[in-house]
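Got the model open in your viewer? Let's walk through it one selection at a time.

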Amino acid sequence: MSTEEYFSGLRFLHSPGPTHVPKAVMDAFSGQPMDMADPRLEPLIEDCEAGLRRVLKTKAAHIFFYAANGHGAWEAVTVNLLAPGQRVLIASTGHFSDYWAEMTEAMGVSVVRTPYREGFPIDPEHVEQALVADKAHAIKAVYVVHTDTASSVTSDVPAIRQAMDRSGHPALLVVDVVATLGAAPFEMDQWGVNVVMGASQKGLMCPPGMAFCAADERAIAQTRSTAGLSPRYYWDWIRRLNAAAYLKFCGTPPQNMLMALRAALQLFEREGHDNVLARHRQLASAVQAAVSVWSAAGVLDFVCQVPAARSVSVTSIAVKGANPDEIRRVVRDSYNVSIASGLGPFRGRVFRIGHLGDLSAPMVLGCLAGVEAGLRALAVPIGDGAIEAAMRALGSAKL
Ligand SMILES: *Cc1c(COP(=O)(O)O)cnc(C)c1O
């Protein structure tokens with residue numbers, strides 16, 4: 001089938017990133033670039049920094065934007081906080097923690113991993129034990145992926161912070177919120193998170209192409225301590241701690257991405273941050289209700305084995321005795337719903353439904369109906385009444 005083939009109506013985008021981009025954000029993105037002395041440039045950057053701080057729930061963290069994807073922000077975190085030969089603890093969540101660990105090792109940093117159990121969130125006790133065992137305080141930071149987008153398991157960041165505090169260890173807490181910011185509750189200051197990294201194309205409702213790090217004063221002090229030990233220039237937070245746009249971005253800022261982000265942040269304000277989170281919780285409950293019903297026939301099942309840890313952003317569905325990639329292809333080509341594949345260790349045994357960003361109840365119901373139509377077309381055994389269950393889960397909420 002040609003990729004140029006015409007189809008009527010909308011293609012529903014239900015990958016857990018990139019996500020559907022609202023029209024107001026696309027319109028903002030199409031603005032004309034400005035010369036570097038244009039008086040509108042600094043307010044644009046300030047609006048993005050202030051708006052992002054409000055979403056992160058931080059008063060004073062420094063914000064660093066990069067024209068990069070999430071992987072760029074991962075690298076930025078490591079080159080700033082850690083020098084080659086230093087050590088980091090990476091809490092294992094599966095695919096995304098493995099990827100981050102592999103990248104961190106490639107940069108000469110020594111990585112300690114906690115044990116991994118498929119389908120389960122990070123066990124805070126494993127973090128505590130690893131820190132207690134590190135009597136010399138060689139571990140400089142703990143990296144945590146809030147939601148592992150491959151397994152759709154969300155870990156409990158405050159519980160991990162409490163475990164770190166119990167250990168009495170001074171390591172910094174670094175959290176990857178790529179899959180959760182703007183979808184799941186997150187409180188940078190109140191939860192004691194020192195560094196946060198994220199990207200534009202998931203809960204933030206922007207096109208792919210921009211990433212950010214947010215760092216508190218302890219993280220900036222740690223970064224100063226690695227100056228001269230960790231080779232860096234473009235990513236360097238200390239160099240970017242500068243009011244001038246050209247220095248803050250180490251060159252020309254990605255102006256159109258900033259215009260898009262400002263528009264997206266305005267949408268958050270307009271809907272109300274708490275309402276955005278409540279909407280995600282409600283839409284996730286509809287998807288989970290449908291998956292529970294489908295699973296009754298014994299072929300599909302949640303990857304996440306702990307109901308309370310199921311992500312509000314994405315649901316990973318394990319398939320036994322049918323081909324998830326065939327399901328995905330039929331759902332996309334016959335019913336115009338794009339869902340995502342299994343990643344890493346889940347390749348060939350999982351498909352994923354993204355439900356974050358600019359979504360409404362009928363969009364999610366349409367997605368679920370498209371997936372069910374595909375499952376039925378392929379005669380995959382599923383329980384009856386999933387869409388009805390999803391509608392019931394939505395209740396009378398205004399979505
Ligand atoms: C998508 C994702 C990334 C990687 O982001 P890219 O923009 O694709 O580089 C990292 N962490 C998590 C949790 C993600 O969901």
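Start by selecting helix α3, residues 70-81: this helix gives the most to the shell around the ligand, with three residues. (Helices here are DSSP runs of H or I with at least four residues, strands are runs of E with at least two, and both are numbered from the N terminus.) Before going on, note that this is a predicted model, where local features need pLDDT of at least 70, side-chain atom pairs count only at pLDDT 80 or more, and totals for chains, interfaces and linings use all residues. Residues are numbered from 1 along each chain as its sequence is written, and side-chain values use heavy atoms, with hydrogens and water left out.

Now show the ligand's surroundings. Which residues come nearest? Of the 13 around the ligand, they are Gly-70, His-71, Thr-149, Asp-176 and Lys-202; a residue is near if one of its heavy atoms lies within 4 Å. Color the shell by type and you get five nonpolar, six polar and two charged residues. In that scheme Ala, Val, Leu, Ile, Met, Phe, Trp, Tyr, Cys and Pro are nonpolar, Asp, Glu, Lys and Arg are charged, and the others, Gly among them, are polar.

Next, pull up some distances from ligand oxygen atoms:
- Gly-70: a polar backbone atom sits 2.7 Å from a ligand oxygen.
- His-71: a side-chain N or O atom is 2.5 Å from a ligand oxygen.
- Lys-202: a side-chain N or O atom is 2.7 Å from a ligand oxygen.

Taken alone, the ligand exposes 380 Å², and the protein buries 90% of that (Shrake-Rupley areas, 1.4 Å probe).

Zoom out to the sheet. Its seven strands form an open sheet with mixed pairing, in the order β2-β10-β9-β8-β5-β3-β4; strands pair if DSSP finds at least two bridges between them. At the edges, β2 (62-66) and β4 (110-113) each pair on one side only. From one strand to the next, the twist averages 20°.

Select β9 (195-199) and β10 (211-215): they run antiparallel, joined by five bridges. Click Gly-198 and look across to Phe-212, its bridge partner in β10.

Back to α3: this helix packs on the sheet, touching β2, β5 (139-145), β8 (172-176), β9 and β10, and its direction makes about 155° with that of β9. Contact means heavy atoms within 4.5 Å, and angles run from 0 to 180 degrees between N-to-C directions of lines fitted to C-alpha atoms, for helices over the stretch in contact.

Last stop, a loop: Pro-18 lies between β1 (12-14) and α1 (23-29), and a cis peptide bond joins Gly-17 to Pro-18, with omega about -5°.

Conventions:
Polar contact = N/O pair within 3.5 Å; in protein donor to acceptor, adjacent residues only side chain to side chain.
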